Amino acid sequence: MAILCPECDTPITIDPDEVEEGETVQCEECGLDLEVISVDPLELAPVEELGYDDEDDIRDIDEDEE
Ligand SMILES: [Zn+2]
């Protein structure tokens, strides 16, 4: 079974018998980490990395330096 990577649309082949919920798989093409949120039906979701919420704050600081 193949799931399309949400980032680069590369088919990621996954055997539902080989993975468990909560496991992460990685897209070989772009390196995106995907978490198995369900195995029946097979569903993957990008792993949200902590700290990205601060992205807007970092951008504000850069603008102040101009
Ligand atoms: Zn990808």
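These are my notebook entries on a sheet and on one loop residue, P16, in a predicted model.

**Entry 1, the sheet.** I began with the strand order and found an open sheet of three strands, running β3-β4-β5, with antiparallel pairing. At its edges I noted β3, residues 24-26, and β5, residues 42-46, each of which pairs on one side only. I then looked up the twist, and neighbouring strands of this sheet are turned against each other by 40 degrees on average, with direction ignored.

**Entry 2, β3 with β4.** I followed the antiparallel pairing of β3 and β4 and found three bridges, among them the one that gives V25 its partner L34 in β4. The hairpin of these two strands has six residues between them, and there I noted G31, which takes a positive phi near 80 degrees.

**Entry 3, β4 with β5.** For β4, residues 33-39, I found an antiparallel pairing with β5 over five bridges, and the hairpin that joins β4 to β5 does so through two residues. Going through the partners, I recorded E43 in β5 as the bridge partner of S38, while E35 stands opposite A45 in β5.

**Entry 4, P16.** I turned next to P16, which I located in the loop between β2, residues 11-13, and β3. I entered P16 as partly exposed because it has 13 C-beta neighbours inside 10 Å. Leaving aside residues up to four places away in sequence, I found that P16 touches M1, V39, D40 and L42. I also looked up P16 against E43, which lies 27 residues apart from P16 along the chain, and their C-alpha atoms are separated by 9.9 Å.

Notes. Residues numbered from 1 in each chain as written. Predicted model: local features only at pLDDT ≥ 70, side-chain atom pairs only at ≥ 80, totals over all residues. Pairing = 2+ DSSP bridges. Axes fitted to C-alpha atoms, helices over the stretch in contact; angles between N-to-C directions. Buried ≥ 20, exposed ≤ 12 C-beta atoms within 10 Å, placed from the backbone. Contact = placed C-beta atoms within 7 Å.
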